[in-house]
Amino acid sequence: MEIADYLPLILLSVMAFSTVAVIIVLATFFGPKNPTKEKLIPYESGSDPVGEVRGVRFSVKFYMVAISFILFDLETIFVIPWAMSWRQSASLGFGFYSFAVMAIFLAILTIGLVYEWSQGGLEWD
Amino acid sequence: MSWEPTLIHYLLLSAAIFSIGLVGVLVRRNAIILFMSIELMLNSVNLTFIAFSKYRFDMDGHIFAFFVMAVAAAEAAVALAIVLHVFRHKRSVNVDEAQQLRY
Amino acid sequence: MLNMQLSQMNNLAMLTPPSAIELNALIPGAIVTLVAILFILIDVFHRKGTPRDYLAYFSVVGLGVAAASTYFLWDDVLARPVFFGMLYFDRFALFFAALASVAGGLAILCSPAFLRSHRMDRGEYYLLVLLSVVGMIFMVAAADLLTLFVAFEVMSIPIYVLAGFLRDDGRSAEAAMKYFVLGAFSATIMLYGIALIYGATGTTNLEFIGHNLAYLQVAEGVHAGYWMALVGVVLILSGFAFKIAAVPFHIWAPDVYTGSPTPIVGFMASAVKAIAFAAMLRVMVVAFSFESLRGGFFGYGWIDVLFVLAGASMVLGNLVAITQNNVKRMLAYSSVAHAGYILVGFVAANSHPSFFLHNDAILFYLVAYTFGVIGAFGVLAYFGRRGEAVETYEDLGNLGFKYPVMGLVMGICMFSAAGIPPTAGFLAKLYIFSSAVDASIQTGEFAFIGLVILGVLTSVAGVYYYLKVLVYMYMKPALREFRPLDHIGPKVAVVACAVLTLYLGIFPGRALELSREAIVDFVGAPAAVQSVIDQANPIVPDFAVEPAVVAAEPVL
C-alpha cells in the first residue's frame, strides 16, 4: 500500500483538526464570556470531578438499562448482514423464506422484550 | 513505504491480547476484572477469526465473529448479574474472599 | 453432502431454503423452544402469590413430548448433514436429544417444592432449564464448529444462572461465580482452539476439517498449519474436559455442586456431562480422526491425552471422594470418577477406527449414570428444605427406615453408582471395561488392560463411600429431625429413576439395542470409521453417503 492511498485519511484528519481549531479560535475571540465557579470546573456529566473514584456508587438501575441495551443492540449484527443478502435471496425467488426466518428471530426477541417489560426490567423506579 | 500488515502480524497481535487476558484471569482477584479479561480473550479470538477470514477470502470467519459477539454479550449480562449477587452477600467482589464452599 | 459442498462452493446456497425433509431435524429442538416461548407467555399472566407448580408440569409435559418425538423420528433420519452442513439428523443426535429432555424433565419434577422452601418460586427457573435443554439438543446435532459453539453456550449460560438461583444463599452466589468464571474461561480457550482450526483448515465444518487436515499432513509433512491444528485440538479438548469434569479441569465441580440448588446439580452432573461426551465424540471422530492427530497409542495424539485424563480422573476422583464428609461434595468427586470410567471406554473405542462400535458402551453408561445421579440428587432435594437440608453423612442418620421409599431409591442409586448388580451401573461398567479389554486383546496393547485394572481397583474403593451413605441411612441414629418437602414431584422423579436404573440393570436388551442403533447411525464419520459402521449395518438405504470429495483447499 502506497502512502498516496492514505491521502483521504490525511485530508480528513487535517479537515477535522482545522475545523475544531477554527471554532475554538473564533469562540475565544468572539464568544460572550461570563465565567462562574460552576462553569469553570471540568465537565463530568454533572458529577463531582474531584474525589475518590471508588467511593462513587452507581445505582443498580443503570446496570439493568445497560444490559438490556447490550442484549437488544446486538440484534443489529444479525439483521444488517441479513438485510445485505436479502436482495440476493429475493432474486433467487426465496425472498419470503428469507423474510420469514428473520421474522422468527425478531419475534423471539420481541417475546424476550415483553417478558422483560412484564417482569419490571424497564421500570426506572 | 510499501509495508502492510500481513496475516502473521494480526495473529501475533491477537495472541498477545489473548495472553494478556489469560494472565489477567490467572492473576487478578477482582471479579469484574476477571470478566473484563475474559471479554478481552473473546475479542482477541474475534480478531483471529477476522484475520483468517480475510486471508482466505472466506466469509465463515466473519459470521463466526458475529456469533462470538452475541455470545459475549449474553455472558456479560449473566456475569454482571452474578457479580451483583455475590456483592450483595459478601460486600466485596474479590474472588479470594469467596471461601464459603471450602472445607 | 451435496448441499454442504454447494454451500462451500457457492454461498448463494445459503439463501435458499432447506428441503422440507430436513426440517424434521429441528423437531425435538423446536418443540422445546416452543414450550419455552409459550412458557414465557404463560408466566407473564401468572397471578402473583400462587404456586407455579402448573408451570413445572407444563415444562415436563413439553420435554416429554420432545423426548417422544425422537421415537417417531427414529426411522426418518438422514444419512447426510442438513441445513447446509450445519446440523446432523441421525439417531445418535436423537438418542441424546431424548436423554437431555428426560434428564431436564426429571430435574424439573424435583424442583417446585424445593424452590418454594427457598422462597424462590420463580418461573425463570424452569425456563432456564428448558433453554439449556435446547442448547443440548443442538449441541449433539452440530455438524459445524459454529453450531457447536453457539449450542455449547446456549447450554452453559442458563446453567451458570441456575447455579446462582438461590438469591438468599451466599453459597449459591459463590458457586455461580466460580462456575461462571471457570466455565467462560474454558469456553474462551476452546474458542481460540476453534479459531486456530479454522485458520489451519479454512473451514468450520467438521467433515471438511477432517478432509483438509489429512490434506495438510499429506501435502507437506510437518508444517506450521499442522502445528496450529494440533494446538487447536488440544484447546478444544480442554473445553470439553472442563464440561465433563475430567481431572485437571475438575476444580470447579465440588464447589459448584455443593452450592447450587440440589435439583439442578442432578441435571448438571448428568445431562451436561452426557451431552459434552456426545459432542466430544462427534467432534473428535468426525473432524480429528486423522491418524497423527489421533495418536494411535502413545503417539501423543488426543487418545493419549484422554488416556491420561481417564486414569487421573478415576484415581483422584475416587480417592478424594473417600475423604469427603459432605454428601453433595462426595457425589461431585464421584462424578469426576465416573467421567474417568467413561473416558476409559472412550479411549478404548476410539483408539482405532475398527473399535468404533464399542462406543455403544459409552452411550449405555451415560444413560445408566444419568438416572442414577438424578435419583441421588432427587433424594437429597427431597430432604433439602431451606436451612435444614441434608448436608453431611451424619444428617442421613436413620432416614432409610423413616422414609422407606427414599431410602430404597438412594440404595438403588448408590448401588448403581458403585457398580453392584443388579443395577444398571454394574452392566454399564462391565460393558465399558469389556470393550477396553477387547481393544487390548485385538491390538496387543497392555495399556488398556492397565486402565481396566485401575478402573476396577478404584471402583472397589468407590464402594466404600457409596455404601457409607447407606450405612448412615440404615444403621446410624438420627441426629436431628427433618421435615422433607412433601411434594409429589420429587417422589415421582426419584421413583422413576430408581425403577429405570433397576430395569436397565435387569433387562438391558432394549437400551443396548438403542445405543447400538444410535452408534451405527452416526453420520459424518470418516471413511475408515464409516466402513466399520457399514459392516455392522449391511442394509444400505438408498440415500447412502456419497463418496467424500477431498476439497483441495489452499493451505498456509
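**Quick briefing: chain A, the B–C contact and the core**

Just 2% of the 125 residues in chain A are buried, where buried asks for 20 or more other C-beta atoms (placed from the backbone) within 10 Å of a residue's own. Keep in mind that this is a predicted model: local features need pLDDT of at least 70, side-chain atom pairs count only at pLDDT 80 or more, and totals for chains, interfaces and linings use all residues. Residues are numbered from 1 along each chain as its sequence is written, with chains lettered from A and ligands numbered from 1 in the order in which they are written.

**Chain A**
- Chain A has 5 helices and 0 strands, counted as DSSP runs (H or I, at least four residues, for helices; E, at least two, for strands).
- Helix H1 (residues 7-30) of chain A reaches 34 Å from its first C-alpha to its last, close to the 34 Å expected for its 24 residues (1.5 Å times one less than the number of residues).
- H1(A) lies largely in the open, because the number buried among its 24 residues is 0.

**Where B meets C**
- On chain B, 34 residues are in contact with 33 residues of chain C, contact being C-beta atoms, placed from the backbone, within 7 Å.
- H3(B) brings the largest share of chain B's side, 16 residues.

**The nonpolar core**
- The largest nonpolar core has 254 residues; such a core is a set of buried Ala, Val, Leu, Ile, Met, Phe, Trp, Tyr and Cys residues joined through C-beta atoms within 7 Å.
- Helix H8 (residues 170-201) of chain C gives the most to this core, 20 residues.
- C:Phe96, among the residues with the most contacts inside the core, touches C:Val140, C:Ala274, C:Ile275 and C:Ala278, leaving out residues up to four places away in sequence.

Terms used
Buried ≥ 20, exposed ≤ 12 C-beta atoms within 10 Å, placed from the backbone. Contact = placed C-beta atoms within 7 Å.
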